[in-house]
Amino acid sequence: MRHQIRFTLKKISRRLTEIEGLVYQYRKPIPRFLYRELDKPGLALDENTDLAADWKEIPSESYWAFPRTNFILVTNFSIPTDWKKGRLTALYLPIGIAGDFSHPEALVFINGKQYASCDRHHQEVILPAEFCDGQEHSLTLTGWTGIGGSTMGDMKNRLKMGSCEVVQIHPETRAFLTTSRVAAGIAKHLEPRDPAYHQLLTALDEAFKMIDLRLPIGESFYKSITKAHQCLLEGINKAGPALNVDITAVGHAHIDVAWLWTLAQTRQKSRRSFTNVLRLMEHYPSFSFTQSQPQLYDYLIEDDPEMFQEIKARVEEGRWEPIGGMWVEADCNISSGESLVRQFLLGREFFRDHFGPEAESPVLWLPDVFGYAWNLPQLIKEAGLEYFFTIKIGWSQYNRLPFDSFWWQGLDGTKVLTHFSTTKNPESAHASTYNADASPGQILGTWLNFQNKDDIPPGKTLPLLMSYGWGDGGGGPTREMVENILEMENFPSAPRVKPGKVIDFYHQLEAVSERLPVWNGELYLEFHRGTYTTQARNKRANRKMEFALHDAEFLAAAASLHNPGYQYPYDLLEKAWKLVCLNQFHDILPGSSIAPVYAESLIQYQEVEQITAEISKDALGSLSSRFGSDLVVNPTSFERDEPIMVDGELRGSGELLPYSITPLMEINHDPAPGKLICKKDLLENDYLRVEFNNAGDITSIFDKIALREVLPEGTTSNQWIAFEDRPLNWDAWDIDIFYDDKNWLAEPASSIKILEKGPLRGTLEIKRQILSSTYTQWISLDHNSARLDFDTEIDWQERKILLKAAFPVNVLSPTATYEIQWGNVERPTHQNTSWDWARFETAAQKWVDLSEGGYGVSLINDCKYGHDIHGNTIRLTLLRGTTAPDPEADLGKHTFKYSIFPHQCSWDENTVQQAYEVNDPLIIWKGKSAADASAKSFSLVSVDQPNLVIETVKKAQDGNGLIIRLYESQRSRGSYTIRTGFQVKKAFRTNILEEDQNSLNVEDNKITGSYKPYQIITLRVIPE
């Protein structure tokens, strides 16, 4: 009661604030900085720079720079020779507070050499003894001012320069402050019924009574600190034991590769954060640091090779932990299966090449990604990793996963040991953070917030993990964080905390994991659902380049087999894949970055397009010398027969084998017999009869094979609906559940024309408008297909609007099927529970399907990802009109394609094939040389099981044979036979890193093996 009456805790908090400034026993002002804006980030001061020209002098406590400004500051400093010898001396650089993240940020150069960094949370730079010589030393800061506040920023929010100084640190005062800060922080979060609560307050009270704070502050204060600290430590030792809970504290700096800043700014952010970490390591021998994303290290090799060598030394020492597996922390909703493979392949290869084969910790580290596909556990294990870490699912709006440490079971049954950090930011509504500040309250909360307390085996403890440090270029851990952790190694009524590595934690967790629960299903984030759609051009470019790379690799592999002189373009393909993987970062591909990021991203996609086009052109030129001048190529796993455009004329392709190269002259271009009718109100072939009204709406789709109407009575199909899209927060990220409060339908057609009327294809051109946006659709039906195609072009002019295309279907099912990376997942079409209604918008890859016992309808797309299927209506999300952080996101022209595919029975390989046909058209090559009459069609590879899809054909990374990757698509098991069009010497099953695992049976160019449901199978095939 005494401490409440006398406000002990509040008094101590006040005294801590007063004493904090006394850590600096001696101070000397630094001369005023000279300031200049820079055109781009990262420029250092040139030796010949004229300091008298175009520079502004900045007095202390004055405003000096606007947001989003690259800057350089120059001055000098000297350290008095009469200061105490052997004491730590530092630069104190409070150059401003931007109001966002850790901005402003700057690299610190002393005498022209890069030494450290400073930012809002790292204002102290400890100086080596060599600078304590009384001589004048130059000081240069190059940096960035920050955003100016929120995600949009206030461009009027200028930085204010503080009083920059050289200072000498009184170590006893700093040590006392650390102990006091921790003791007060723990007491603040304990219940009064905890005996340690009273003991800690008493110890603090007694200690602070011993401090001499009489003004003016002088030597008597500093002499009193040592005794006060000793008194405090003795009181703490009497306050009781620590909790029987162990936390591994992992230093970290989560860096968004691009987001509210560009890639160029991120390159500097990495340097600033990493140099700060390296300086901390010099002063705290037990401090270790974890950093993911090889892309950041790759930038460092280019920008600062000397620093990269310092990091390599720390990695070898075991204090710097490379982690994460992927090239970047990639989006896992939109990136394709093969893209995720390349993330692992490029990422793990980089870490092995630069840090050694055992340096990388086998943890998929994705703290901030917006949801995780159900096939990810299989990919994790296939990549040679063992564990998974995130916190992001704890951001869900409605439901929190009921545990934090568990086995995540993937689509194929693979289980991965998974942990969600439970360290919570008290100011946030979210369950946890990966940017902990290592305060006593957060450390205690890491245990209190943990949901698996009942899963502790008898006599054991479940370890916990805390990732701490300022992210996004914020410099990572601070001195205060590290000192808090060291102070709390064995603190009364608090978890035991030790600095360590992520892999240390997972080894401890695995040792006591026998009672951990299993989560069998996807990890869907009930948040940020708009990221499946925002920045549609970027998403389209991603899909198109994924398939362009797929085609280029197949053609190059085929050319290398048939032409000994052809050089497989390893370097070009790696460059292109690195660009694609970079742009799959979880704030680029999802659409949550600023406009300059997307301007640069589209340029990089254009570079990938040029690379893949050149590779395909060279490979086709090489192949044409073997198979004839004019070729048609089927780059998919399926037999195909569809119209092709040759010399401006639509022709039949004939039946094309999987992964085949066929001379055009070998093809019978006469159309197959069958009815095709095209009128302004009708498209009809032997499979479908599609009727239109005068408005351009589809009023009937009659399946002539199944003899049933696809549409429910009284409905129209391909109905465009615009919804008001004003989420509560996070404009580019979120679609909120109330988005359907208001909606508007498209206007009736302004024009309906017949563009093609057979015999191979019928096409209607329909022009319409929705709100202020005009669009044209070319609706096509091929003579031999039950798939109805909608090629679309729109001039999108809406803000705060969400656009969907709706297809009501006469199908009854409580679940719908959504394609994910190399598999599929069923999600409810009802909203019975909070888990159901939370999934009002979900992601899919190329197709979704709604089927009942004997019939179904698939909706296929060529570059869209957001969907909802509720009741019997399938809707595809087409566009959004978000205004933050990019005020003009998605304005202008867009092109895309989607298709409706009715089918008998449930979905099967036919839906999968149609999706590949929409996304990967047949390739027509018109060569310059004369056709070879003796050339015959050639199929490089095929598989005998229709549920197995050959996804990838390429040359192996090491040049030893071909890599053939396939996956099981329909939850079946059995045996397969792969047939090749070339002589096979050997074949091996490998993982996705292309490491051989076991040999396979080979006979007469046939490779046999077995498969399990949703298994990803990678083969190394070595030709004779």
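In this predicted model, the lining of the second largest cavity is made up of nine nonpolar, five polar and three charged residues. The space enclosed there comes to about 110 Å³, and of the 17 residues that line this second largest cavity, Asn333, Glu522, Ile820, Arg827 and Ala843 are the closest to its centre. Two strands can be named as contributors, since strand S39 and strand S41, the latter spanning residues 842-843, each supply at least two residues of this lining.

Empty spaces of this kind are found in a simple way: rolling a probe the size of a water molecule over the atoms shows where empty space is left. A search of the whole structure finds eight cavities of 30 Å³ or more, and the largest cavity has a volume of about 200 Å³. Of the 18 residues that line the largest cavity, the ones closest to its centre are Ser336, Gly337, Glu338, Phe547 and Glu951. Helix H9 (337-355), helix H14 (536-562), strand S39 (815-820) and strand S50 (948-955) each supply at least two residues of that lining, and H14 gives the most, with four residues. By class, the lining of the largest cavity holds six nonpolar, six polar and six charged residues. Strand S39 thus appears in the lining of the largest cavity and also in the lining of the second largest one.

Helix H14 leads on to the packing of helices. Two packed helices are described by the angle between their axes and the distance between the axes. For H14 and helix H16, which covers residues 595-627, the axes come within 8 Å and cross at roughly 25 degrees. Angles under 35 degrees count as roughly parallel, and H14 and H16 are therefore roughly parallel to each other. Their crossing is left-handed, and the residues of the contact of H14 with H16 divide into 18 nonpolar, seven polar and four charged.

Helix H3, made of residues 171-189, can be followed through two such packings. With helix H11 (residues 440-448), H3 packs at an angle of about 45 degrees, the axes being 8 Å apart, and the two helices are therefore oblique to each other. H3 passes H11 in a right-handed crossing. On the side of H3, the residues that meet H11 are Arg181, Val182, Gly185, Ile186 and His189, while H11 brings Pro440, Gly441 and Leu444. By class, this contact of H3 with H11 has four nonpolar, three polar and one charged residues.

With helix H12 (residues 479-487), the axis of H3 comes within 10 Å and the crossing is at roughly 70 degrees, which makes H3 roughly perpendicular to H12. This crossing of H3 and H12 is right-handed. Here Arg174, Thr178, Thr179, Arg181 and Val182 in H3 meet Arg479, Glu480, Glu483, Asn484 and Glu487 in H12, and the residues of the contact divide into one nonpolar, three polar and six charged. Arg181 and Val182 are among the H3 residues that meet H11, and they are also among those that meet H12.

From the helices we can turn to an open space. The second largest pocket has a volume of about 1100 Å³, and of the 32 residues that line this pocket, Phe101, Trp395, Asn425, Thr433 and Asn435 are the closest to its centre. Its lining divides into 10 nonpolar, 14 polar and eight charged residues.

Phe101 also deserves attention for its backbone. Most residues other than glycine have a negative phi, and most peptide bonds are trans. Phenylalanine 101, although it is not a glycine, has a positive phi of about 50 degrees, and its place is in the loop between S6 and S7. Proline 104 lies in the loop between strand S6 (89-92) and strand S7 (105-110) as well, and a cis peptide bond, with omega about 0 degrees, joins histidine 103 and proline 104.

Another cis peptide bond runs from glycine 758 to proline 759, with omega near 5 degrees. Proline 759 is found in the loop between strand S34 (751-757) and S35. Strand S35 covers residues 761-770 and includes arginine 761. Not counting residues up to four places away in sequence, arginine 761 touches Pro643, Leu650, Leu676, Glu756, Ser780, Leu781 and Asp782. Arginine 761 and leucine 683 are 78 residues apart in sequence, while their C-alpha atoms are 9.6 Å apart in space.

Conventions
Residues numbered from 1 in each chain as written. Predicted model: local features only at pLDDT ≥ 70, side-chain atom pairs only at ≥ 80, totals over all residues. Heavy atoms only, no water. Axes fitted to C-alpha atoms, helices over the stretch in contact; angles between N-to-C directions. Parallel < 35°, antiparallel > 145°, perpendicular 65-115°, else oblique. Left-handed = near helix turned anticlockwise from the far one by under 90°. Contact = heavy atoms within 4.5 Å. Nonpolar A, V, L, I, M, F, W, Y, C, P; charged D, E, K, R; others polar. 1 Å grid on protein atoms, 1.4 Å probe; cavity = no way out; pocket = protein on both sides within 12 Å on 5 of 7 lines; lining within 4 Å. Points joined across faces, edges and corners; volume = space filled by probe spheres on them.
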